[in-house]
Amino acid sequence: MWFHKVLSFSEIKKEPFIIENIRWDLEPKDLMEPRCIITEEGLKKREPIKGYVFYIDAMEDSPKLFLMRHTAADYAETLAEIEEIPKELLMGAIEENKDKVYFKMYPINEKIKDWLKKELGIK
């Protein structure tokens, strides 16, 4: 599935495959770490990462929530912008995760996760 435009939140809500494959356990930094590292035991390969990851982008004046698609072949693309989220939730997550910023990308927090799950109909 290749996307040529950024999808809306309402479009994401209609895609069960995306919803079922959201990776709630990953942060932006996890996606950017090297595939291989040298350890005392030799070369260690990172497990492939695939799925969909929410993140907050603070590159511009106002932070925004995005959904990224990441494949096992390490291809990533921004899939959707979630415009419906209250800005105070984004600001709270940025403040809470200020020590986890990675190239002006912040992980979501539990409040945003709860909001997203409610909106997506996930229990």
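**Notebook: contacts and the sheet**

Started with a charge over a ring: lysine 117 lies over the face of tryptophan 24, and I get 5.2 Å from the ring centre. Note to self that this is a predicted model.

**Entry: aromatic pairs**

I ran a search of the whole structure for aromatic pairs and it gave 5. I looked up two of them in detail.

The pair I opened with is phenylalanine 9 and tryptophan 115, which is stacked, with 5.8 Å centre to centre and 15° between the planes. Which parts does this pair tie together? Phenylalanine 9 belongs to helix α1 (residues 9–13) and tryptophan 115 to helix α5, so the contact links parts that are 106 residues apart in sequence. I checked burial on both sides of the pair. Phenylalanine 9 is buried, at a relative accessible area of 1%, and tryptophan 115 also counts as buried, at 16%.

Next I pulled up phenylalanine 17 and tyrosine 52. Their ring centres are 6.4 Å apart and the planes stand at 90°, so I logged the pair as edge-to-face. Phenylalanine 17 sits in helix α2 (residues 16–20) and tyrosine 52 in strand β3, so here the parts tied together are 35 residues apart in sequence. Buried or exposed, I asked of tyrosine 52? At 4% relative accessibility, tyrosine 52 is buried. Phenylalanine 17 is partly exposed, with a relative accessible area of 46%.

**Entry: the sheet**

Tyrosine 52 took me to β3, so I traced the sheet around this strand. I find 4 strands in an open sheet, ordered β5-β4-β3-β6, with antiparallel pairing. The edges are β5 (76–82) and β6 (105–106); each has a single partner strand, so one side of each has no neighbour in the sheet.

How many bridges join β3 to β4? I count 7 between strand β3 (residues 51–57) and strand β4 (residues 64–70), and the two run antiparallel. I noted two of the partners: phenylalanine 54 is bridged to leucine 67 in β4, and tyrosine 52 to arginine 69 in β4. The connection from β3 to β4 is a hairpin through 6 residues.

On to β6, which pairs with β3 in the antiparallel sense over 2 bridges. There I found isoleucine 56 of β3 with tyrosine 106 as its bridge partner in β6.

Then I checked how covered β3 is. It is mostly covered, with 7 of its 7 residues buried. As a reminder, side chains in a regular strand alternate between the two faces of the sheet. In β3, I see Gly51, Val53, Tyr55 and Asp57 pointing one way and Tyr52, Phe54 and Ile56 the other way, and all are buried.

What packs on the sheet? I went back to the β3–β4 pair with its 7 bridges. Helix α4 (residues 87–96) packs on the sheet and touches β3, β4 and β6, with its direction at about 90° to that of β3. Helix α5 packs on the sheet too, touching β3, β4 and β5, and its direction makes about 125° with that of β3.

**Entry: salt bridges**

Last job was the charged pairs. I get 8 salt bridges in the structure, and I looked up three.

Having just been at α5, I took lysine 113 and glutamate 110, whose closest N and O atoms are 3.2 Å apart in a salt bridge. How many residues apart are they in helix α5? They are 3 residues apart in α5 (residues 110–120), so about one helical turn separates them. Lysine 113 is buried, at a relative accessible area of 15%, while glutamate 110 counts as partly exposed, at 49%.

Arginine 23 and aspartate 25 meet through their side chains in a salt bridge, and I read 2.9 Å from N to O. Arginine 23 is partly exposed, at 26% relative accessibility, and aspartate 25 is exposed, at 52%.

The third is glutamate 60 with lysine 64, a side-chain salt bridge at 3.7 Å, N to O. The cut-off is within 4 Å, so I kept this pair in. Glutamate 60 counts as exposed, at 55% relative accessibility, and lysine 64 as partly exposed, at 25%.

Key. Residues are numbered from 1 along each chain as its sequence is written. This is a predicted model: local features need pLDDT of at least 70, side-chain atom pairs count only at pLDDT 80 or more; totals for chains, interfaces and linings use all residues. Side-chain values use heavy atoms; hydrogens and water are left out. Buried means under 20% relative accessible area, exposed over 50%, partly exposed in between (1.4 Å probe, protein chains only). Two strands pair if DSSP finds at least two bridges between them. Contact means heavy atoms within 4.5 Å. Axes are lines fitted to C-alpha atoms, for helices over the stretch in contact, and angles run from 0 to 180 degrees between N-to-C directions. Rings of Phe, Tyr and Trp (its six-membered ring) pair if their centres lie within 6.5 Å; planes under 30 degrees apart count as stacked, over 60 as edge-to-face and the rest as tilted. A charge sits over a ring if NZ of Lys or CZ of Arg is within 6 Å of the ring centre and within 35 degrees of the ring normal.
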